Amino acid sequence: MNKISVIDSHTGGEPTRVVVAGGPELGGGPVAGQLQRFRSQHDRFRSAVVNEPRGSDVLVGALLVEPEDKSCAAGVIFFNNVGCLAMCGHGTIGLIATLAHQGKILPGTHKIETPVGIVTATLQSNGLVSVANVPSYRTAKGVAVEVAGHGPISGDVAWGGNWFFLVGEHGCELSLGNVEALTDFTWRIRQAVNTQGFPEVDHVELFGPPQSGGDSRNFVLCPGKAYDRSPCGTGTSAKLACLAADGQLGEGETWVQESILGSTFTGQYHWVNRARGEILPVITGTAHVNAEATLWLDEADPFCWGIRS
Ligand code: PYC
């Protein structure tokens, strides 16, 4: 019987399950290399932790690993129902809340090594966490795609730690009651944009008017067809890159992004390289720890390694 210790939290409604003990040995070195080994040799571990019957499609896992850069408090590999994520903003906020819950970190600044670079998280004594994410940028503006059953739609392709297609004009109502239709629509957008030769876009983001006092509301489709209950940290970073490139938000100004639930992240940015449109986004939010558990992996259980589609 293998046992895995996890701590669960949610960030603006989006869950994170941090594996704090019982994870696979990945051999150290850069976290990007550890991710490759995790992907190729331990995919059933990923599925066991986040998929049904122990988890669900919406759960994001975070495996704590040894950072190569010893100035970092931790290394992390994020994963979901279908694979690994390059980076995860809500998950980093959840990870920091988890490390604080364990007494492993105190309020202050902590570096975390992810597969796509080092991010810097600042924990305040009131529980707010600000994540200075990886440099973010837009690669294409106003890309027209033909969406099956809908017709043409236009959006931007941007990197915020994951690749996003961001759509402002779509005619959809961004409400919880409309989630099924939004999921179906954004899934078809994703299929359409990925015929265009960009780096694989794995998240699609729709924007609409705010409903909870923010600057904008979003709906974010994640790679495994679940929607982000939070405003999406990497998605908000991609949005900031677009706003910066369009001159719609100044350096140091605040952008409040609402999720489809109405939970919020506050974003700000600084230019890294203005000529290249590269910004350093800082995303602020809160996570709440809501469970500590031991997962049991019993080979006699036919669904020991999770239900995989
Ligand atoms: O917050 O970056 C994020 C994220 C990515 C997927 C789910 N949440």
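**Exercise 1. Which polar side-chain atom lies 2.8 Å from a nitrogen atom of the ligand?**

*Solution.* The model is predicted, so its local features need pLDDT of at least 70 and side-chain atom pairs count only at pLDDT 80 or more, while totals for chains, interfaces and linings use all residues. Residues are numbered from 1 along each chain as its sequence is written, and side-chain values use heavy atoms, with hydrogens and water left out.

Step 1. A polar contact is a pair of N or O atoms within 3.5 Å; within protein, one must be able to donate a hydrogen and the other to accept it, and residues adjacent in sequence count only if both atoms are side-chain atoms.

Step 2. The atom sought belongs to Asp228, at 2.8 Å from the ligand nitrogen.

Step 3. Oxygen atoms of the ligand are approached by backbone N or O atoms: one of Gly89 at 2.8 Å and one of Gly233 at 2.7 Å. Taken alone, the ligand exposes 240 Å² (Shrake-Rupley method, 1.4 Å probe), and the protein buries 99% of that area.

**Exercise 2. Describe the residues around the ligand.**

*Solution.* Step 1. A residue qualifies if one of its heavy atoms lies within 4 Å of the ligand. The shell consists of Glu14, Cys88, Gly89, His90, His203, Cys222, Asp228, Cys232, Gly233 and Thr234.

Step 2. Sort the shell by class: 3 residues are nonpolar, 5 polar and 2 charged. In this scheme Cys counts as nonpolar, Asp and Glu as charged, and Gly as polar.

Step 3. Helix 3 (89-101) and helix 5 (233-245) each supply at least two shell residues; helices are DSSP runs (H or I, at least four residues), numbered from the N terminus.

**Exercise 3. Where does the ligand sit, in a cavity or a pocket?**

*Solution.* Step 1. On a 1 Å grid over the protein atoms alone, a cavity is a set of points where a 1.4 Å probe fits but cannot get out; a pocket is an open set with protein on both sides within 12 Å along at least five of seven lines; lining residues have an atom within 4 Å of a point.

Step 2. The ligand sits in the largest cavity, as more than half of its atoms must lie within 2 Å of the grid points.

Step 3. This cavity holds about 150 Å³ of space. Of its 22 lining residues, Glu14, Val60, Leu85, His203 and Cys222 lie nearest the centre. Helix 3 and helix 5 are the elements that give two or more residues to this lining.

How values were computed:
Points joined across faces, edges and corners; volume = space filled by probe spheres on them.
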